[in-house]
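Please open the model in your viewer and keep the selection panel at hand. The tour below proceeds from one selection to the next and states what is found at each stop.

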Amino acid sequence: MSEKVEHVTCLIIGSGPAGYTAAIYAARADLKPVLYTGMVPGGQLTETTEVDNFPGYPKGITGPELMEDLKAQAERFGTQVRFGMATKADLNASPKRIWIDETIEMTADTVIISTGASAKWLGLPNETRLRMNAGGVSACAVCDGFFYRGQDVVIVGAGDTAAEEATYLSKLCKKVYMIVRRSEMRASKAMQHRVKNTANIEILWDSETEDILGANAVEGVVVKNIKTGQLRTLDVTGFFVAIGHKPNTDIFKGQLNMDELGYIDVIGASSKTNIPGVFAVGDCADKTYRQAVTAAGSGCMGALDAERYLAASGVH
Ligand code: NDP
């Protein structure tokens, strides 16, 4: 049951770079946006350490600091940032209806969805522990590969992302071990070809990660060949996981057009979805680039598209 119903012109769901950038633009356009953060305020970047590739920070910045800056900038222009999780949606209603934490009902003329995607992890206890301690476990080679220059690293996965990231890491690192659980890769033939022809990438077929060693940082990885049962310890300092992402779009299924993985379809080079007045920005609609700066750029597009939609429909 809803505790209360509140109507807003522009509701933004999610607090990564896409959501906050949408909020900055929407607030400056006087759409008086309300942004619900989700369970992880600041999104995926709050789980990284240094961010060296976001333009405007020549000395780098930590992920949490960057997100605090974006939040402060959104609030400076009047965005109401609220902690809460969107748990249900009726986007075909007019106005659109969104329930927060199952109790608060919001109605909105426009909804900007920036719910992001979550990296999948293996689920090993030491993976979680070292990831939380920023101890050398990462799901983003482009973000964190730089810290492992000249070192030996592991990457787990065999899809296009793993192949692309293995190639990326091979240019920075001395040696890249790629752990593949089957005797073939899912990645496209071209990507596989590139990986197989890179001298400093060693593919460990039919293999899975048994454990990650190290008290405060990665000091080694134990790999098991699942055909022979043989264990091997790799002397590495970085552990990259590239086994896929899951877009956080479950509550919109059956309403918004999505691909088979759950990424929201947008129309052409816009942020428009199949429902007028609903816009999708950032990683929930992007399985290709997934960078903070591309998410921020698409957040800007979402706010501009919302503003134009409101102007055209005479609401604002
Ligand atoms: P995918 O789902 O395509 O691949 C995931 C890989 O991780 C698979 O090889 C899978 O193994 C492996 N995996 C899954 N779970 C585990 C586990 N628990 N332990 C070990 N390995 C595991 O994800 P991607 O992120 O690679 O790609 C997502 C989509 O984005 C794809 O459609 C891809 O084509 C696309 N993409 C395109 C790019 C491009 O065109 N440049 C770049 C990056 C992505 P298995 O094969 O055995 O199931």
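**First stop: the parallel sheet**

Select Val 154, which stands opposite Tyr 177 in strand 12. Helices (H or I, at least four residues) and strands (E, at least two) are DSSP runs, numbered from the N terminus. Two strands pair if DSSP finds at least two bridges between them. The model is a predicted one, in which local features need pLDDT of at least 70 and side-chain atom pairs count only at pLDDT 80 or more, whereas totals for chains, interfaces and linings use all residues. Residues are numbered from 1 along each chain as its sequence is written, and side-chain values use heavy atoms, with hydrogens and water left out.

Extend the selection to strand 11 (residues 152-156), which is joined to strand 12 by five bridges and runs parallel to strand 12. On to the next pair: strand 12 (residues 175-179) and strand 13 (residues 201-204) are also parallel, with four bridges between them. Here Tyr 177 has Glu 202 in strand 13 as its bridge partner. Between these two strands the chain passes through helix 6 (residues 189-196), and this β-α-β crossover is right-handed. The term right-handed applies if, with the strands pointing away from the viewer, the path from the first strand over the helix to the second runs clockwise.

Now display the whole sheet. Its five strands follow the order 10-17-11-12-13, the pairing is parallel and the sheet is open. Strand 10 (137-138) and strand 13 are the edges; each has a single partner strand, so one side of each is left without a neighbour in the sheet.

**Second stop: the antiparallel sheet**

Select strands 14, 15 and 16, which form an open sheet in that order with antiparallel pairing. Strand 14 (207-213) and strand 16 (231-234) are the edge strands, each pairing on one side only. Neighbouring strands of this sheet are turned by 25° against each other on average, direction ignored; axes are lines fitted to C-alpha atoms, for helices over the stretch in contact, and angles run from 0 to 180 degrees between N-to-C directions. Strand 15 (residues 220-225) is paired with strand 16 over four antiparallel bridges. To see one facing pair, select Val 223 together with Arg 232 in strand 16.

**Third stop: strand 1 and its partners**

Move to strand 1 (residues 5-13), which pairs with strand 8 in the parallel sense over eight bridges. His 7 is found opposite Thr 107 of strand 8. Strand 1 also pairs in parallel with strand 2 (residues 34-36), over three bridges, and Ile 13 stands opposite Tyr 36 there. Adding helix 1 (residues 17-28) to strand 1 and strand 2 shows a right-handed β-α-β unit.

**Fourth stop: individual residues**

Which side chain meets Lys 71 in a salt bridge? The partner is Glu 75, at 3.7 Å from N to O. Both residues lie in helix 2 (residues 63-76), four residues apart, about one turn of the helix. A salt bridge is a side-chain nitrogen of Lys or Arg within 4 Å of a carboxyl oxygen of Asp or Glu, and the whole structure contains twelve.

Select Ser 94 and Pro 95 next: the peptide bond between them is cis, with omega near -5°. Pro 95 is in the loop between strand 6 (86-90) and strand 7 (96-100). In the loop between strand 7 and strand 8 (104-113) lies Glu 102, which has a positive phi of about 65° although it is not a glycine.

**Last stop: the two domains**

Colour domain 1 (6-118 + 245-313) and domain 2 (121-241) separately; domain bounds come from an automatic or database domain assignment. Their C-alpha centres lie 31 Å apart. Eight residues of domain 1 are in contact (heavy atoms within 4.5 Å) with nine residues of domain 2. About 680 Å² is buried between domain 1 and domain 2, and carbon and sulfur atoms give 49% of this area. Buried area is the accessible area (1.4 Å probe) that two parts lose on being put together, summed over both. How many salt bridges does the rule find across the interface of domain 1 and domain 2? The number is zero.
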